[in-house]
Amino acid sequence: MSDPFTATFERLWIGFRASWCDSHDLGGATAFSHEKIKVGMLHRVVQIDVPGAMADTVIDRALAHFRERDFECAFTLSPLDRPADLAERLKSRGFKLELPATAMRCDRGDQPVLTESIEVEELDPGRYGVWAATMCRSFGFPDSVGALGRKVLDIPEVRLYLGYVGRQPAGTALLYSRYGLGCVDFIGTLPQYRRRGVASAVTARAVADSHSMHNRWTGLEVAAGSAAERVYRRIGFRPVHNRLRYVRSMSRTDRDPAPRAG
């Protein structure tokens, strides 16, 4: 049985990501995809919950779904997914572990260390454009991702943050709160301002606001073992569970390397 944070984090994360793109029922799993914007954030399979005998069927459906869209097929696995050997099954079908990620949490009783040298501003929806432009440049996303987010992020549960260096926009974060959990996401810094404390500052501000909203937890996802994980540990986060992304390149001419049963 999973702990309450893990179940809540996965529910919130999947629901928020689903609002950016189309969801498709694979019969025991959910596939996210977007017809026009081909970035990994918008394309993946989640919520896998099938008996072992059905696992290969779900993988087949996922491969067909993304082959039709001429995009890589990716599964994001959490401790809630089953069967338990799903990662091994994916590897046997040609998937590779691309991003070992960690879900981290900062409890309401923890006090984040604020960074005073960076100015952080919470933006009203009317200034979404500057936030989106900074976020897309920070992550290397096309501008179309920012345009997509305009309608998604203009909701009461979302707060947008912009960090400044010398009065110039330097980095972003957002806070999405539901189910007693504040999730900090899109923590990005423009290349010319990295290693100056921008990510620490915008994250700490989002955590402080999450605490003031009386969320039970504040959580985020980060690449395991990365410099960013060390930054978040200093702010007060601790790892809770792994989230593993398995990817296989996909095209309409792709062939499955695994022998198929008759």
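In this predicted model, leucine 162 sits across from threonine 172 in strand S8. That pairing belongs to a longer stretch of contact: S7 and S8 (residues 168-178) run antiparallel and are joined by 8 bridges. The two strands make a hairpin, with 2 residues between them. One residue in the turn, glycine 166, has a positive phi of about 55°.

S7 also pairs with another strand. Strand S6 (residues 119-123) runs antiparallel to S7, and 5 bridges hold the pair together. Here leucine 123 stands opposite leucine 160 of S7. How much of S7 is buried? Of its 8 residues (158-165), 7 are buried, that is, under 20% relative accessible area, so the strand is largely enclosed by the rest of the structure.

Then there is the open space. The largest pocket holds about 1100 Å³. It is lined by 39 residues, and the ones closest to its centre are Phe139, Ile187, Val222, Ala228 and Tyr232. Both helices and strands chip in: the elements giving two or more residues to the lining are helices H1 (4-18), H4 (128-139), H6 (198-212) and H7 (227-235), along with strands S5 (96-107), S9 (181-189), S10 (217-223) and S11 (238-248). Which element gives the largest share? That is S9, with 7 residues. As for the chemistry of the lining, 20 residues are nonpolar, 11 are charged and 8 are polar.

Terms used. Residues numbered from 1 in each chain as written. Predicted model: local features only at pLDDT ≥ 70, side-chain atom pairs only at ≥ 80, totals over all residues. Heavy atoms only, no water. 1 Å grid on protein atoms, 1.4 Å probe; cavity = no way out; pocket = protein on both sides within 12 Å on 5 of 7 lines; lining within 4 Å. Points joined across faces, edges and corners; volume = space filled by probe spheres on them. Helix = DSSP H or I, 4+ residues; strand = E, 2+ residues; numbered from the N terminus. Nonpolar A, V, L, I, M, F, W, Y, C, P; charged D, E, K, R; others polar. Buried < 20%, exposed > 50% of the residue type's maximum accessible area, 1.4 Å probe, protein only. Pairing = 2+ DSSP bridges.
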